[in-house]
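Here are my notes on this one, pocket first and then a helix pair. Have the viewer open as you read.

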Amino acid sequence: VPWEKFKNDVLPYAVLGEPRDGDWRALFSITFAPLVKHAASITQAAQTLNSHIWGLWNIVFVPDQTPKIMSPFEVIKHRHASCTGMSIFL
């Protein structure tokens, strides 16, 4: 399957009604690939990301934000999100 078709049709580009606001995948790939490059498993990669991703942009949990801040770029811009926004971001 061609990479562009895989990203569009297989990977979940969007989860709910969050804005489709830019190529956050490219930013995440460049930013986070070095963090998980040597992960021994997908579980280890996810745990590594979860322990580093929030501090990189000083993102914190704030309740009662859904559906205000949900897309990855909204979360980065506002530096906070509800559990929904944070789940989409991760």
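1. By residue class, the lining of the largest pocket comes out as 17 nonpolar, 1 polar and 4 charged residues. Keep in mind that this is a predicted model.

2. How much space lies in that largest pocket? About 660 Å³. There are 22 lining residues, and the ones closest to the pocket centre are Leu11, Trp24, Arg25, Phe28 and Leu90.

3. As for who builds the wall, the elements giving two or more residues to the lining of the largest pocket are helix H1 (3-9), helix H2 (24-36), helix H3 (42-56) and helix H5 (83-89). H2 gives the most, with 8 residues.

4. H2 also packs against H3, so I checked that pair too. Their axes are 10 Å apart and make an angle of about 130°. Angles over 145 degrees would count as roughly antiparallel and 65 to 115 as roughly perpendicular, so H2 and H3 are oblique to each other. The crossing of the two helices is right-handed.

5. Which residues make the contact between them? On the H2 side, they are Thr31, Phe32, Leu35 and Val36. H3 answers with Ala45, Thr48, Leu49, His52, Ile53 and Leu56. Sorted by class, the residues of this H2 contact with H3 are 7 nonpolar and 3 polar, with no charged ones.

6. If you only look at one element, I'd pick H2: this helix gives the most residues to the lining of the largest pocket, and it packs with H3 at about 130°.

Notes
Residues are numbered from 1 along each chain as its sequence is written. This is a predicted model: local features need pLDDT of at least 70, side-chain atom pairs count only at pLDDT 80 or more; totals for chains, interfaces and linings use all residues. Side-chain values use heavy atoms; hydrogens and water are left out. On a 1 Å grid over the protein atoms alone, a cavity is a set of points where a 1.4 Å probe fits but cannot get out, and a pocket is an open set with protein on both sides within 12 Å along at least five of seven lines; lining residues have an atom within 4 Å of a point. Grid points are joined across faces, edges and corners, and a volume is the space filled by probe spheres set on the points. Helices (H or I, at least four residues) and strands (E, at least two) are DSSP runs, numbered from the N terminus. Ala, Val, Leu, Ile, Met, Phe, Trp, Tyr, Cys and Pro count as nonpolar, Asp, Glu, Lys and Arg as charged, and the others, Gly among them, as polar. Axes are lines fitted to C-alpha atoms, for helices over the stretch in contact, and angles run from 0 to 180 degrees between N-to-C directions. Angles under 35 degrees count as roughly parallel, over 145 as roughly antiparallel, 65 to 115 as roughly perpendicular and the rest as oblique. A crossing is left-handed if the near helix is turned anticlockwise from the far one by less than a right angle, and right-handed if clockwise. Contact means heavy atoms within 4.5 Å.
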